[in-house]
Amino acid sequence: MTATENKASIKGGEFLIKDVEAHQIFIPEEFTEEQQMIATTCRDFLRTEVHPHLNEIDAAKSPDFMSSLMTKAGELGLLGVAVPEEYGGFGMNFNTSMLVAEALGTGHSFSVAQSAHTGIGTLPIVYYGNEEQKAKYLPLLASGEWKAAYCLTEPDSGSDANAAKSKAVLSEDGKSYIINGQKMWITNGGFAELFIVFAKIDDDKTLSAFIVEKSFGGITMNEPEHKLGIKGSDTRQVFFNDCHVPVENLLSSRGNGFKIAVNILNIGRIKLGIAVIGGSKGSLEYAIKYANERKQFGVSLATFGAIKYKLAEMATRIFASETANYRAGQNIDDAIEDLKAQGLNDAEAKLKALEQFAIECAIMKVHSSEVLDYVVDESLQVYGGMGYSADAPMERSYRDARINRIFEGTNEINRMLIVDMLLKRALKGEIDLMGPAMAVGKEIMSIPDFSASDDETIFAAEKKVLKNLKKAALMVSGAAVQKFMMTLSNEQEILMNVADMAIEIYVAESALLRVEKLIGIKGEAACELQKDMALIYLNEAVTKVNNAGREAITSFAEGDELRVMLMGLKRFTKIEPMNLKNARRRVADAMIEENKYIF
């Protein structure tokens, strides 16, 4: 079996039960020169067109300025990376589109507008449009001549998207659907020429999706919303009042809108995940530079251990989360190629691959958005009192970051989805969770093996730690399923505990595998700092898995079961102690010397 075949054979969620080898994952150091040039173009665009105008963008009273920025981005090709070449785009693979999202991640409100247009605004047509729809609309969207918005959320339907009340009825002549309804939190609403609109036809139980041109008429909107952050993104309520949409603008088939919404949100989640890592790197760089410049007690802030802790911890979380994002992105790319080899067309293969890795998409949305929140909070703290000033960059970053734990499904919803999808796949027999969970149940009743391992391969001990963390997650989730059966969905606190265990395992494993692969390329001496970060993250993951597992177990177990499970948890969350302070100082000192994030 070749490495490529081995990659493609990995299923979403299987990281909990399968050992993954370093050669099976993609690492950011493997991006080609062409891909790096695309990223450089993105960063240059932000540097010249966006960053000098951030205050102007946030204070904009009309959508014209943002619309003009989008037009310029389109002229540079930044809106057509994921659009097939035959429709005016570049047809790049999924991980390249991820790299673009990361490179544009420091664009604040512009990043939101660009992401909404290229992702949830354009991709429904890429993946679900028929040939006529693609040929008509995609060239306009890829070039930036037209801008797109996505109309799903309503006043009474947020996380529960299928509760939407917008209605579509067929006209008497049968030539158009007449849409009536109200949508809210619509990004790009004020300047979009095209709307992807979700509504229920007649008394359907599920949504349908429509491609709606602004020129169709019957569309009105409120003034832009006043928001805590991302003030420059045009966010509005949009009203459809007898909006006549030609029947040929029904997207996909009747009643398929909810599935479209779910699959497009999968893409949005992981794209958000990598974009906020780009934003995190930008905030950390500000903190590093300020720590070097700011003097207290006669020396720079960067000389203090408390500041070094913050800088290194931010870098470690960014490094780990970035790694896991691109690991998942490559899994999606590999699955796409595998499915196309089986005979699926490009759009079908992409949809099926994204659905396959929906668990990892949710994991990355949660983890990365919380990394960003941590980074902007700690970066502001490095700035001290100046960080609280609107004249310093942290004030905007702090406010803009907060929405990302709500965007693309709240982090609470995504945590519950992670476990729900895992269990549903297990019930369908798509992945075998219960077999390994039962084996773990037997293992905790046996005498532990305390013999020393003679495996001297790199990270052998750390990989054993990861195996045990996976056993801890299987033990807790398996016991919870047996305890609650069909009512487990009511135990949201436990579901979130299990999700936290899975998230930390996935990210810690990703970081370790990245460093192992990097050592194979560059040699161990050149990767000492990356090794430090992988081990720092793994140590912290062990603590987090233990805490989440303990909270879950004590929520439902009693007596002997409680004691046995806590003993098992203790056994599965052990790691050899290391000097984390010195490791963090090495990471921080290297960045302080270079005056930037260097990984």
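pLDDT is the predictor's confidence in each residue, on a scale from 0 to 100.

**Figure 1. Confidence across this predicted model, with a look at the start of the chain.** Averaged over the chain, pLDDT comes to 94, and 97% of the residues get to 70 or more. The start of the chain is another story: residues 1–6 stay under 50. For that stretch the model has 4 contacts beyond four places in sequence.

**Figure 2. D234 in the loop between β6 and β7.** Here we're in the loop that runs from β6 (219–221) to β7 (235–246), where D234 sits. With a relative accessible area of 6%, D234 is buried, because anything under 20% counts as buried. Its side chain reaches the backbone nitrogen of G190, at 2.6 Å. G190 also turns up in the list of contacts D234 makes outside its neighbours within four places in sequence. That list includes the run I186, T187, N188, G189, G190 and F191, and P63 and P224 are on it too.

**Figure 3. Helix α11 and what surrounds it.** In α11 (residues 346–356), the buried residues are A347, A349, K350, L351, A353 and L354. Yes, there's a lysine in that set: K350 is buried along with the alanines and leucines. The cover over these residues includes parts of several helices, namely α5 (94–103), α7 (123–128), α8 (131–143), α9 (257–293), α10 (305–341) and α12 (358–383). Look at the N-terminal end of α11 for the cap: a side-chain oxygen of N345 lies 3.2 Å from the backbone nitrogen of A347.

**Figure 4. Helices α18 and α20 crossing at an angle.** The axes of α18 (residues 528–556) and α20 (residues 580–594) come within 9 Å, and they cross at roughly 135 degrees. The two helices are therefore oblique to each other. As for handedness, α18 passes α20 in a left-handed crossing. On the α18 side, the residues to pick out are L529, D532, M533, I536, N539 and E540. They meet L580, A583, R584, R586, V587 and A590 of α20.

**Figure 5. Helices α16 and α18 side by side.** This view brings α18 back, now with α16 (residues 460–484). Their axes come within 11 Å and cross at roughly 20 degrees, so the pair is roughly parallel. This crossing is left-handed. From α16, the contact takes in E462, V465, L466, L469, A472, M475, V476, A479, A480, K483 and F484. From α18 come L535, L538, V542, V545, G549, A552, I553 and F556.

**Figure 6. A511, tucked into helix α17.** A511 belongs to α17 (residues 492–522) and counts as buried, at 0% relative accessibility. Setting aside neighbours within four places in sequence, A511 is in contact with F319, A320, T323 and A534. Y537 is 26 residues away along the chain, and its C-alpha atom is 7.9 Å from that of A511.

**Figure 7. Two loop residues with positive phi.** Most residues other than glycine have a negative phi, so a pair of exceptions is worth a close-up. H108, in the loop between α5 and α6 (109–121), has a phi near 55 degrees. D202 is found in the loop between β4 (194–201) and β5 (208–213), and its phi is about 50 degrees. D202 is partly exposed, with a relative accessible area of 35%.

Note on methods:
Residues are numbered from 1 along each chain as its sequence is written. This is a predicted model: local features need pLDDT of at least 70, side-chain atom pairs count only at pLDDT 80 or more; totals for chains, interfaces and linings use all residues. Side-chain values use heavy atoms; hydrogens and water are left out. Helices (H or I, at least four residues) and strands (E, at least two) are DSSP runs, numbered from the N terminus. Buried means under 20% relative accessible area, exposed over 50%, partly exposed in between (1.4 Å probe, protein chains only). A polar contact is a pair of N or O atoms within 3.5 Å; within protein, one must be able to donate a hydrogen and the other to accept it, and residues adjacent in sequence count only if both atoms are side-chain atoms. Contact means heavy atoms within 4.5 Å. Axes are lines fitted to C-alpha atoms, for helices over the stretch in contact, and angles run from 0 to 180 degrees between N-to-C directions. Angles under 35 degrees count as roughly parallel, over 145 as roughly antiparallel, 65 to 115 as roughly perpendicular and the rest as oblique. A crossing is left-handed if the near helix is turned anticlockwise from the far one by less than a right angle, and right-handed if clockwise.
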